[in-house]
Structure formats: C-alpha cells, structure tokens
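Student: Could we go through a structure together, with you justifying each label you put on it?

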Amino acid sequence: MHKSIVAAIGRRPRQSIITAFTAAALAGAAASPAWAELYGPVPDAPQMGGTLDVGMLVEPPALDPFHQAADARIRVTVLIYQGLFYEAADGEAKPLLAESYEVSEDGLTYTFQLREGVKFHNGKDMTAEDVAYSYNYIRDPENGSPGAGDFAIIDSVEATGPLTVVMTLSEPNAALPMTLGNKYGAVIPAGYFDDENARTAMNSQSVGTGPFRLAEFNPNQNLTLERFEDYWEEGAPYLDAVNFAFLPNSASMLVALRNGRIDVVNLERPQDVAQVEGIEGLVIERFPSLNQKTVDLGSETPPLDDVRVRQAISLAIDKEEIMQAAIGGYGQVITTIVAGLEDRWGVPASELPFQARDLERARALMEDAGHGDGVDITLTTINGYDWMDPAAVTLKEQLGEIGIDLQIQRVDLGVWIDNFRSRQMGFTFNDWATQPDPNLLFFRHFHKQPEGADFRNWNNEEASELLARGRSESDYDERKDIYAQFQKVLAETVPTIMMFSSDHIVVRDEAVQNYSQHPTGWYYGIARTWLDE
Amino acid sequence: MGIYLLKRLGASIVTALLATFLIFALVRMVPGDVVAQMMGQAGGPEAEAALRAFFGLDAPIHVQYVTWLGDALRGDLGVSWTRGIPVTDMVVSSFLVTLQLGLVTLAVATVIGVPLGILAGIYEGRPIDTLIQGFNVIGLSAPVFWVGLMLLVAVSSALSWSPPLRFVPPTQSLADNAAILVLPVSSLALLQVAAYSQFVRQNVVSALQQQYVRTAVAKGLPTRIVFFKHILRNVTIPIVTFMGLILIQILGGVVIIESLFALPGLGRLLLTAIETRDYPVVQGALLLVVLVAMIVNLVIDIAYHAIDPRMRVS
C-alpha cells in the first residue's frame, strides 16, 4: 500500500489553525449539540475502537487534580475529570458540566444550571451537592490545594436544587468561569476526601465524569485510560483506550515513534523534530501555545532594582535571535502576552515601549544608572530545560553589547522553585504557561502583595490597580482596554521580558485522525481522536 | 568462622544504621520538598503549611527520623507520598527488574569475559591476545549510555525494530522479556566483558609465571591438569571477588540504562522519587541498595573462606 508523505512542517501560519478551529466549531453549532464546541472539532463519521499509544517525556507524579500542580498531571487528568467549564482554544469559557449560568446585577452571585444525566465513573449520578462539595473542598486552604489561591475569590458555594448551584464572590471576577475549568480541582462525589487515603487512591481508581476512566497507572511505565461507557456525550469518545507510555528521553521516544510503538507525541526540541521530518507515515503539525519563555527581573537586588537597568536590558535583547537559537524557530516571538492570547488580548508592538532593539538608547540608560563602566549580573537557568542553554549563551552576547557581563548559573528545579517562591529569583529564565485568560495569566504573578504573589518584587501600584479593575470588569471591550494599559505599564517598567512562545509540535502516525492540540498543552484533543485502521 | 561472621554482621549493622541516617538527612538537604513540587508556581502559605503538616514535615528532623526508623525496623517503610503504594512493594518490584538485569548481565559477562581472558592470558603476546586486548580497550573506554544509545539507534534503523515499551517479567512471557532485555544487557555487558577479560588475563599471566606452575610443567604433568588444577584454581579466587564487585558496579550503573530503555527498575524509581521529593521512596530504595551491597560483600567474604583454605586459619 502506498502511503503519501505528509510533513506539514514549514512555517505554518497560526491564523489558519485558529480559523480551522473556529470553522469547525461553527459548523457544529449549526446542528447545535451542546458539546460541539468542546475539546476540538467533532468528526463526521469517526471509526470506533482501538488503542491510541501516546508517548510522554515527563511522567505525572500522581493523578490527584486537587493536590498536584504538575503540568504533566493536568495534561492527562483533563480526560478523566471535569470542571464546570471548558477552556476553549479561542479564550472563552464554554459550559462543560454546567449547562448555563446567570450572573446577578452586581456581579457577585453566579447561579449555575448543571448538565443532566452526568454519571461519575463509580456509577453515581452527579448532583449539585457534589459540585458544592468539590469547590468548597478546594477553596479551603486547610486542604492544601495549589488551587486554593485561585479559588479564594469565592465566598460560598451552595446547592440550591438538585441541579442548581449558587456561588457568591467577595468581589466581581470576570475570570470565574475560566477558574472553574480543569486546571485545579474537578467535580467529584461529595465526601470523597473523608477517607484519609483518598488522595493517593486517585492513582488506582478514578472518580471523575470525564470521557475516559483510569484503568492502570504503573510507576515509571505507563498510564492506561479506558473509554467510559456511561459518558454523558452520546457516541464519544471514539477510542477504546489510551495508553500513555513514559519514556524519559527523546532518543528512545523517537525510536519508538519510528517503529510504530507510539502513535502520537508532543516534541519540544527542534533537533528531535528534525529527526522525524520526512519519515513515511508520520505527520508533523504545529499548534500555537499559551506558554512563555521569559527573562524575569527580580527587583530585590541591585542593579535590577533600578528601572533604567531593566529598560536597558529590554532594549538590548533580540528576541528573534534567542528564539532561533533556543528552539530553532519552532515558535513565535511575543511582546507582553503569550501567543495563544495575542489575537484576543494583545497590543500591537508599535504601541508598546522598549520593544524594538536600540543599543544606543540602552547604553545611555546604563550610563544614567551609573553603570557606564559595565556591571556583572548572574543569570539563573534550570537544569533539564533544553532551550535555556543556547538561549543563555545568546543572551550573554547580546547583553555584552551594553556592558553587562553575564554570568550563567545552572540550578536544579527544586532550588529554582525555592528561590522563586521566596521571591529571591534575581535575574532568571522562566518557562511557564497559563489558562487562556488575562486575569489568570497576570494577576497572581504581577499584582502586589498580599493579593498577588508578586514573585518579582515589582510592587507596582498602577499595574495592581489595573489588574484589580480587569478582574472585576466583565465587558470584553472594557477589559481589553484595561489589559492593554496594563501591558503598557509592564513594557515600561520591565519586571519580566516575555521572549517567545514555543509551538506545540505534534508528531503522529497517519492512522491517527482528528487529533488537535489544545494551546495549554493538555490532551483534550484525545477525546475527539479516532484511529483509521 | 562463627566469631568472624558475628563481627562482620555487627559491623554491617552499624554501617547500615549510619547510612540510613545520612540518607535521611541528605535527602532533606536537597532544596524544595514535596510540598514545593506539588504547588509549583501556584499555591499560598496556608495551603503549603497544611500540606506540610499532612506529610509530617512540620516535625523536627530527629523526630521524623526516629519515627521512620522505628517503622522500618518493624518492616514498615511507609507509603509513597505521590503514588500511595507501599514503599516495600514499589522497591521490591523494581528491584526484581534491576536484579534480573544485573544477574543476566553478570552471567553474559562471565560466560564471555572469563574464557576471553584465559585465552588472552595463555596466548600472551600472540595475535589473538592483541585482538582481545584491543576489544578490551574499546569496551572499557566506551561510556555505557553511549553504547546503549548507539545500539538502540543502530538496531532501530537496521531492523526497523525497537524493544516493547512495557516491561514483562520472565514468568509472564520469556520471549517478551528477552526482547526487552537484549539491548540493555548488551550495552551493560560490553564494559563488563572487557573488564572481566582484562582482569582474568592478568591473573592467568601472573599464574603462569609462578614457580609451582613451572614445576608442574617441568615434572611432565599434562597441560590439561596444570591448567585446571593449578592455574584455574588460583585464578578463581580473584574472579569471585571481581564478580561481586562487578555485580555492585552493574547495580550502580543501571540508572542510566534503565532511563534510556525505560525499564521500571530501582535506579529509575530512585531518580523519579528524588525528582518528586518522595522521601519515603528515596529512603526505602537507598536502604535496599545499602543492604544489597553489604550482603554481596558478606557473601564474597564467606565464599573466600570456602574456596581458599589459607583464609580459614586466620
């Protein structure tokens, strides 16, 4: 049988992918089943059955969505557990376990109508009681959830009917639906955590409402999910099972991919992508992402406490050159917001200060700040983040042009997290991602303490005020304007320099149909995937 | 012999205790604990404190140690903080994988390495010796991870085949088990075959120069008897020592190979447990490593006594 070579690598315009998404969603909306906008485009005539083998480079430490913030955990648990909303790729929160909701005039009371006929993996029906229990659990800091911070805005959650839940907030928050998405927490049966072993029991038995349920989870080996027969969306999912194989290095990942032991994998390093380019039967696709590779500038120590030095650094950086060196061009240079949010929330680069490279101005600023004779700065990078090494060397050269002698210090992730959390990050590379909402992206990181975490000791009044307003505003145009102003402050005073978002690069076997990669990197698309065998 | 054994055992127990304390303290000195790992860039101080208390990390370190040691002496190594599986189960099941890998490698290395070494030793200076020594130099200088990687890539492109991703114990399917182990064992064995044959060669060469061998040859004993009764017997003792050392070396070196070939062995378990700061698993796994190393050394000492009559007197 002749197989055609489909390698759609090249510079694929991001616009076309997003348009494809929207078009599919609209086509689905015409026939208007409620789930048409969820998880990815709904296929016309999917073939049922089969097992999809997915390769994962990073293994989820555990499957508990309430107590694990690890991205590898979220990637897989979105298929098992569900919140009230789905974080659509276009940046809107679409009802998932909620069916509809109303907001009171003052923006403080949300009344949710829940979807009917939803069953948990243990066979019980989902009710409003379960929803109230789940969200009350996560927002109580005593329960030790990393999501507790995001959910602190909620004052109370109550079940007022079998399928009606009322939430009250301490102040209006336009990002509430997105917060009730799938990053932290999920709807689980009421009283679940009463058992003291309940947290780790989630590694052997799932209690969610998602399209797949847990079959087995073997340390350092694999995670197998099986189709949940009682899933509320008729006909979905299409696969019988999904098997995630944990391969800790990309060499064995590429070998397994070539030999058909793996059907689909997300690759991050450009040199890995180059290895599978042009191989018969493998398709390579790029999807925009919500991640950002940044240089963070903690203001706690000199010389970074001087805004002129930070501005000079911003002017000296050539983001395109760093991006090419770091990820071989498989991404997009950004300004003050991640690539996936650019269309909906971005500000044109021409309207932002300190974006275009200007060495003369940068040198003048260094001179003003009293560093005309040069200054030493130490850049922290993290072991295991491949892009950081070439990026660090490139940055060292660029900053050398304005008299900064950059020392590069590599640390382990644990050390780095410690520094970060104690707000002693100094000058460092960072690699983080967000849900598709500006409040969830910016507030915690950049609002001054104690409301925000302000890891970079930025302590900016104007920015904090804008973030507070953006959070309570629900009108899109108003919000967009507020966040545009915020981004201008960010660009002006430089607590962080967002360099680029790397694309999600998906390599899949030809037989894998209708797989799309959500911009978060989470595996929502598998719920819409089918195998042509 | 009895007193000697008791002394050895006593010393071993003290060493083990010391090792557990060191492990306990060291793993806690690594920055960022399990709570920081679980929280990532999210979370707040209250939630962190609650989690820390949940894992008992709020107690002073000596209290934590005494609690752990007390449980460990009763055979309870606790439960993995991330997986919830009893540490004993995790450690034992992954150790079986590593042990199989180690023993098969040892067997392969012995079966190939010892005859090569004897051959090279007997034909010292001849072309066959040069050939074997050449191989030894390559085997000893090629890093294990590089050999593994090259094997994996070479086999994949030549045969369009790569090992199954899911480990299968030999009790379940010998064929699948062999398919999984063939590449990792080959990568590990290359170094050990070279080390073995180099070592055996030296011993044979020096045995050949001993006067008792010359005497035996001079008095007209058949070569076969000289070889088996005089040379081999004397070469066996260092080989047994060496076997133990090699087994420990293999067990120490499997971390890389287990990660490369995605085998669920002890090395990889330890690595992921350290990454997630899963202290009970780190402590349990390292305790096992310490115990195994001690037992192997003890067995070697006892084996000496059995093989070499001179040792029995002292």
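Tutor: Here is a run through chain B, its helix packing, some buried residues and the salt bridges.
This is a predicted model, where local features need pLDDT of at least 70, side-chain atom pairs count only at pLDDT 80 or more, and totals for chains, interfaces and linings use all residues. Residues are numbered from 1 along each chain as its sequence is written, chains are lettered from A and ligands numbered from 1 in the order in which they are written, and side-chain values use heavy atoms, leaving out hydrogens and water.

Student: What makes up chain B in terms of helices and strands?

Tutor: Chain B has 13 helices and zero strands. Helices (H or I, at least four residues) and strands (E, at least two) are DSSP runs, numbered from the N terminus. The C-alpha atoms of chain B fill a box of roughly 85 × 60 × 35 Å along the principal axes. Of its 314 residues, 47% are buried.

Student: Why is Asn173(A) called buried?

Tutor: Buried means under 20% relative accessible area, with exposed over 50% and partly exposed in between (1.4 Å probe, protein chains only). Asn173(A) has 3% relative accessibility, so it counts as buried. It sits in the loop between strand E7 (164–169) and helix H5 (176–179) of chain A. Leaving aside residues up to four places away in sequence, Asn173(A) touches Gly107(A), Tyr110(A), Ile153(A), Asn439(A), Arg471(A) and Ser472(A); contact means heavy atoms within 4.5 Å.

Student: Which residues of helix H11 of chain B are buried, and what covers them?

Tutor: In H11(B), residues 266–275, the buried ones are Leu266(B), Gly267(B), Arg268(B), Leu269(B), Leu270(B) and Ala273(B). Their cover includes strand E10 (241–246) of chain A, plus helices H5 (87–122), H10 (223–260) and H12 (279–307) of chain B. Just after H11(B), Arg277(B) has a positive phi of about 55 degrees.

Student: Why are H5(B) and H6(B) called oblique?

Tutor: Two packed helices are described by the angle between their axes and the distance between the axes. Axes are lines fitted to C-alpha atoms, for helices over the stretch in contact, and angles run from 0 to 180 degrees between N-to-C directions. Under 35 degrees counts as roughly parallel, over 145 as roughly antiparallel, 65 to 115 as roughly perpendicular and the rest as oblique. H5(B) and H6(B) (residues 127–141) pack at about 135 degrees, with axes 8 Å apart, so the pair is oblique.
The residues that meet are Leu116(B), Leu119(B) and Ala120(B) from H5(B) and Ile128(B), Asp129(B), Ile132(B) and Phe135(B) from H6(B). That contact divides into six nonpolar, no polar and one charged. Ala, Val, Leu, Ile, Met, Phe, Trp, Tyr, Cys and Pro count as nonpolar, Asp, Glu, Lys and Arg as charged, and the others, Gly among them, as polar.

Student: And how do you know that H7(A) and H7(B) are roughly parallel?

Tutor: Helix H7 of chain A (residues 250–258) and helix H7 of chain B (residues 144–159) pack at about 10 degrees, their axes 10 Å apart. That angle is therefore in the roughly parallel class. Ala251(A), Ser252(A) and Val255(A) meet Leu149(B), Leu152(B) and Ser156(B) there, a contact of four nonpolar, two polar and no charged residues.

Student: What makes Glu59(A) and Arg83(B) a salt bridge?

Tutor: A salt bridge is a side-chain nitrogen of Lys or Arg within 4 Å of a carboxyl oxygen of Asp or Glu. For Glu59(A) and Arg83(B) the N to O value is 2.5 Å, so they make a salt bridge. Glu59(A) lies in the loop between strand E1 (51–56) and helix H2 (71–77) of chain A, and Arg83(B) in the loop between helix H4 (61–73) and H5 of chain B, so the pair joins two chains. Glu59(A) is buried because its relative accessibility is 16%, and Arg83(B) is buried because its value is 8%.

Student: Why is Arg269(A) called partly exposed?

Tutor: Its relative accessible area is 23%, so Arg269(A) counts as partly exposed. Its salt-bridge partner Asp272(A), with closest N and O atoms 3.0 Å apart, is buried at 5%.

Student: How many salt bridges are there over all chains?

Tutor: A search of the whole structure finds 26.
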